[in-house]
Amino acid sequence: MIYVAKIGVTGAAIATVVGECVGGIIPLVYFFIKKGKTLYFAKPAFALKTIGKICANGSSEMITNLSVSAVSVIYNFQLLKYIGDSGVIAYGIIMYVSFIFIGCFLGFSVGTAPIIGYNYGAQNTDELKSVFKKSLLFYAVSAVALTAIAELLAKPLAMIFVSHDAPLLDFATRAIRIFSISFIISGFNIYASAFFTALNNGVISAVISISRTLLFQIGAVFLMPLIFGIDGIWSATIIAEFVTLTVSVACVIALRKKYNYL
C-alpha cells in the first residue's frame, strides 16, 4: 500500500483495516459452519450474572489495553520535553520491536490459561502444580534468551526503521538496548496477571496489571529522567517491571494455599 501502490499514510490505514477484517471475518465464517465440528456458534442463553463475572474477571486485560494509550501519551510528552522529535521516533521503534518479544510472553500466558482454569476447576492440584512450575521454567529460559536476542539485534532491528539517518540509528539502538533489559522481568509479571485471571481472581490480576502498565510506569517515567536524564526515560519500564515483580511474587506466595499451585 505504501511502497507499491504509493498511497502513503492512507495506505497504512487501509492495510490496518484489511488486517483486522481478515482476522475477524475468517474465524466468523469458520465457526458459523457446523458440519464436522464440535465447536461452533449456537443460540446463546442470556445469563447476566455469568456475563458480569466474565467482565469482572477480564478487567485486568481491559485495563492493560486502555493504559497502553495513556502511558504512550505520557512517554511522548516526556520525550518531547527532554529530547524532541527524535525521542518520539525512537519510542515508536521500541514499541514495534518490543511487541515482537512481549508477544511471546503474551502468547504463552493466553495459551496456558485454559489449561490452568480447567485443572483448577477439576481440582487436579498435581497437574496445576506441574503447569505452574513448567510455566515458570519457560519464562526463566525465554526471558534470558529474548533479552539476549534483543541486545544482539538492537541495531539491525533499528535499521529496519531508520537506516537512512546514522545519528538517529545510533540513538534508537541505544534506546532499544536499555529498554530490552525489561524483558528479563516482564514475562513473569505478564504470566502472574494471566495466571490469576485463569484462576477466576480478577481482582489480583487487575492489581498486578494496573501496577505494571499504569501506576509504576507513570511514576517511573516522571522520576527516572530527573535522576538519569535521557536514559532514565528508556529505563523507566525496567523499574516499573521490577517493582511490579515484587507485587506479583507477594500475590503468588500469599495465595498459594488457597489455589494449591505450590
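R212 and E241 meet through their side chains in a salt bridge, with 2.9 Å from N to O. That's a handy way into this predicted model. R212 sits in helix α9 and E241 in helix α10, so their pairing ties together parts that are 29 residues apart in sequence. From there, we'll look at the other charged contacts, the aromatic rings, the nonpolar core and one loop residue.

**Salt bridges**

- How many salt bridges are there? The count comes to two.
- Are the partners in the R212 bridge buried or exposed? R212 has a relative accessible area of 14%, so it counts as buried, and E241 is buried too, at 2% relative accessibility.
- D231 forms a salt bridge with R174, and here the closest N and O atoms are 2.5 Å apart.
- Since D231 belongs to helix α10 and R174 to helix α7, this pair ties together parts that are 57 residues apart in sequence.
- D231 counts as partly exposed, with 25% relative accessibility, and R174 also counts as partly exposed, at 48%.

**Aromatic rings**

- The structure holds 24 aromatic pairs.
- Take F132 and Y191: their ring centres are 6.4 Å apart and their planes meet at 35°, so this pair is tilted.
- F132 lies in helix α5 (residues 125-152) and Y191 in helix α8 (residues 183-198), so the two rings tie together parts that are 59 residues apart in sequence.
- Both F132 and Y191 are buried.
- F132 also forms an aromatic pair with F195, again tilted, at 4.9 Å centre to centre and 45° between the planes.
- With F132 in helix α5 and F195 in helix α8, that pair ties together parts that are 63 residues apart in sequence.
- What are the accessibility values for these two? F132 is buried with a relative accessible area of 3%, and F195 counts as buried at 1%.
- F132, Y191 and F195 are among the members of one aromatic cluster, which also includes F105, F108, Y120, F138, Y139, F188, F196, Y259 and Y261.
- Over at Y30, there's a charged side chain to look at: K37 lies over the face of this ring, at 4.4 Å from the ring centre.

**The nonpolar core**

- The largest nonpolar core has 52 residues.
- Which residues have the most contacts inside this core? They are I116, F196, W234 and Y261.
- Several helices each supply at least two residues of the core: α3 (59-82), α4 (85-121), α5, α6 (154-162), α7 (166-179), α8, α9 (202-228) and α10 (230-254).
- Helix α4 gives the most to the core, with nine residues.
- If you want one residue to follow by eye, try Y261: leaving aside its neighbours within four places in sequence, Y261 is in contact with L128, K129, F132, F195, F196, L199, C251, V252, L255 and R256.
- So Y261 turns up both in the aromatic cluster and among the core residues with the most contacts.
- As general background, nonpolar side chains tend to be buried together in soluble globular proteins.

**A loop residue**

- Where is A45? A45 is found in the loop between α1 (9-32) and α2 (48-57).
- A45 counts as exposed, at 71% relative accessibility.
- The C-alpha atoms of A45 and A250 are separated by 39 Å, and the two residues are 205 residues apart along the chain.

Terms used:
Residues numbered from 1 in each chain as written. Predicted model: local features only at pLDDT ≥ 70, side-chain atom pairs only at ≥ 80, totals over all residues. Heavy atoms only, no water. Phe/Tyr/Trp six-rings, centres within 6.5 Å; stacked < 30°, edge-to-face > 60°. Helix = DSSP H or I, 4+ residues; strand = E, 2+ residues; numbered from the N terminus. Buried < 20%, exposed > 50% of the residue type's maximum accessible area, 1.4 Å probe, protein only. Lys NZ or Arg CZ within 6 Å of the ring centre and 35° of its normal. Core = buried A, V, L, I, M, F, W, Y, C linked by side-chain atoms within 4.5 Å. Contact = heavy atoms within 4.5 Å. Salt bridge = Lys/Arg side-chain N within 4 Å of Asp/Glu carboxyl O.
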